[in-house]
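User: I should be grateful for a close look at a single part of this protein, set in the context of the whole. Please present the findings as one connected account.

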Amino acid sequence: MKGGLFITLEGIDGTGKSTQLRRLVQHLRKCGYRVRATREPGGTRAGERIRTILLAASTGKLAPLAELALMYAARAQHLEEVVRPALARGEIVVSDRYNDASFAYQGYGRELGIATVRALDRIVCGKTQPDLTIVLDLDPELALARARGRETRRKSRHGRFESQGLQFHQRVRAGYLAIARRAPQRVKVVPANRPVMEIQREIRALIETLLGGRGKKQGTTI
Ligand code: TYD
């Protein structure tokens, strides 16, 4: 595939994003595509260390701009080491979160505003924008209960983001929905309060449409 394809999965915590991503990647590989699965913040050695700072409750309160700058520091490394090389090789890059998370969490959630996020985004991401972004959408009350239940099962402390109150997550969700309204061609909202396979089928259909438009091999069904 010339120029590769960049797909990102987004949504507030507890929407089942990671499960959907895993299934999607397995499926695309079974169909014969070369897929690079990755995540943010992280995806590189340096990025995973930055992730620890960002997510650990022990970090305590970060100034919103410090949080944003760390997200983009990890992202710059991720772009250089992983995303751009994989796209240049013609692979499908599937990332568990990317720059829309900064618009939603830091721009809306932390109320830094989208102009600030956009300024950094122009410098760091530039033209490397997703071809398709899937936003898994769920009522924040339900999503937060799921995310916190998962943390409890893992016997880990709630991270910096899961500990944020309901209002924070409501702002983040509103942020994602606003992003989707502004870029309806690229950003697709998928309701996530449904059986896993039903959601997965919808995601696959969205990607199939995109691959079809890109002139994938005739007769290949993903
Ligand atoms: P995620 O990997 O989805 O967490 P988990 O695997 O524990 O579910 O994301 C980590 C957190 O980082 C999540 O709460 C959202 C947040 N985040 C931002 O605030 N801004 C960003 O730009 C990114 C990429 C993530």
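Analyst: The part chosen is helix α4, whose buried residues are N99, D100, A101, S102, F103, A104, Y105, Q106, G107 and G109. The model is predicted. Ten of the eleven residues of α4 are buried, and the helix is thus described as mostly covered. The cover over these buried residues includes β1, α3 (64-88), α5 (114-124), β4 (132-137) and α7. Both strands and helices are therefore among the elements that cover α4, because β1 and β4 are strands and α3, α5 and α7 are helices under the naming used here.

The place of this helix in the chain may be described next. The protein contains eight helices and five strands. Read along the sequence, these elements follow the pattern β-α-β-α-α-β-α-α-β-α-α-β-α. Helix α4 spans residues 99-109, and the loop that joins β3 (92-96) to α4 holds Y98. R97 is found in that loop between β3 and α4 as well.

R97 has a phi near 75°, a positive value in a residue other than glycine. Is R97 buried or exposed? Its relative accessibility is 11%, and R97 counts as buried because the limit for that class is under 20%.

On the other side of the helix, α4 is followed by E111, whose phi is also positive, near 60°. E111 is likewise a residue other than glycine, and it belongs to the loop between α4 and α5. In contrast to the buried R97, E111 is exposed, with a relative accessible area of 58%. The class follows from the cut-off, because exposed means over 50%.

Aromatic pairs give a further view of this region. A pair of aromatic rings is described by the distance of the centres and the angle of the planes. A search of the whole structure finds four such pairs. In one of them, the ring centres of F6 and Y98 are 4.8 Å apart and the planes stand at 65°, so the pair is edge-to-face. This pair links distant parts of the chain, with F6 in strand β1 (residues 5-10) and Y98 in the loop between β3 and α4, 92 residues apart. F6 and Y98 are both buried.

A second pair involves the helix itself. The rings of Y105 and F161 have centres 5.7 Å apart and planes at 90°, so this pair too is edge-to-face. Because Y105 lies in helix α4 and F161 in the loop between α6 (140-153) and α7 (166-182), the pair ties together parts that are 56 residues apart in sequence. Y105 and F161 are both buried. These two residues, together with F168 and Y176, form one aromatic cluster. F168 and Y176 fall within the span 166-182 given for α7, and α7 is among the elements that cover the buried residues of α4.

Two sites elsewhere in the chain complete the local picture. The first is the peptide bond from E40 to P41, which is cis, with omega near -10°. P41 lies in the loop between β2 (35-39) and α2 (45-55). The second is Q200, in helix α8 (residues 196-213). At 0% relative accessibility, Q200 counts as buried. Leaving aside residues up to four places away in sequence, Q200 touches Q20, R23 and L24. The C-alpha atoms of Q200 and A119 are separated by 34 Å, and these residues are 81 positions apart along the chain.

The account closes with the protein as a whole. For 222 residues, a compact globule would have a radius of gyration near 17 Å, and the protein has 17 Å, which agrees. The C-alpha trace spans about 50 × 40 × 35 Å along its principal axes. Buried residues make up 48% of the 222 residues. Of the contacts with a separation of 6 or more, 77% are between residues 24 or more positions apart. The protein exposes about 10,900 Å², and carbon and sulfur atoms supply 52% of that area. Its 41 positive and 21 negative charges have mean positions that are 3 Å apart.

Notes. Residues are numbered from 1 along each chain as its sequence is written. This is a predicted model: local features need pLDDT of at least 70, side-chain atom pairs count only at pLDDT 80 or more; totals for chains, interfaces and linings use all residues. Side-chain values use heavy atoms; hydrogens and water are left out. Helices (H or I, at least four residues) and strands (E, at least two) are DSSP runs, numbered from the N terminus. The radius of gyration is taken over C-alpha atoms; the globule rule is 2.2 Å times the number of residues to the power 0.38. Buried means under 20% relative accessible area, exposed over 50%, partly exposed in between (1.4 Å probe, protein chains only). Contact means heavy atoms within 4.5 Å. Accessible areas come from the Shrake-Rupley method with a 1.4 Å probe; for residues, only the protein chains shown count as cover. Lys and Arg count as positive and Asp and Glu as negative; His and the chain ends are not counted. The place of a charge is taken as NZ of Lys, CZ of Arg, CG of Asp or CD of Glu. Rings of Phe, Tyr and Trp (its six-membered ring) pair if their centres lie within 6.5 Å; planes under 30 degrees apart count as stacked, over 60 as edge-to-face and the rest as tilted.
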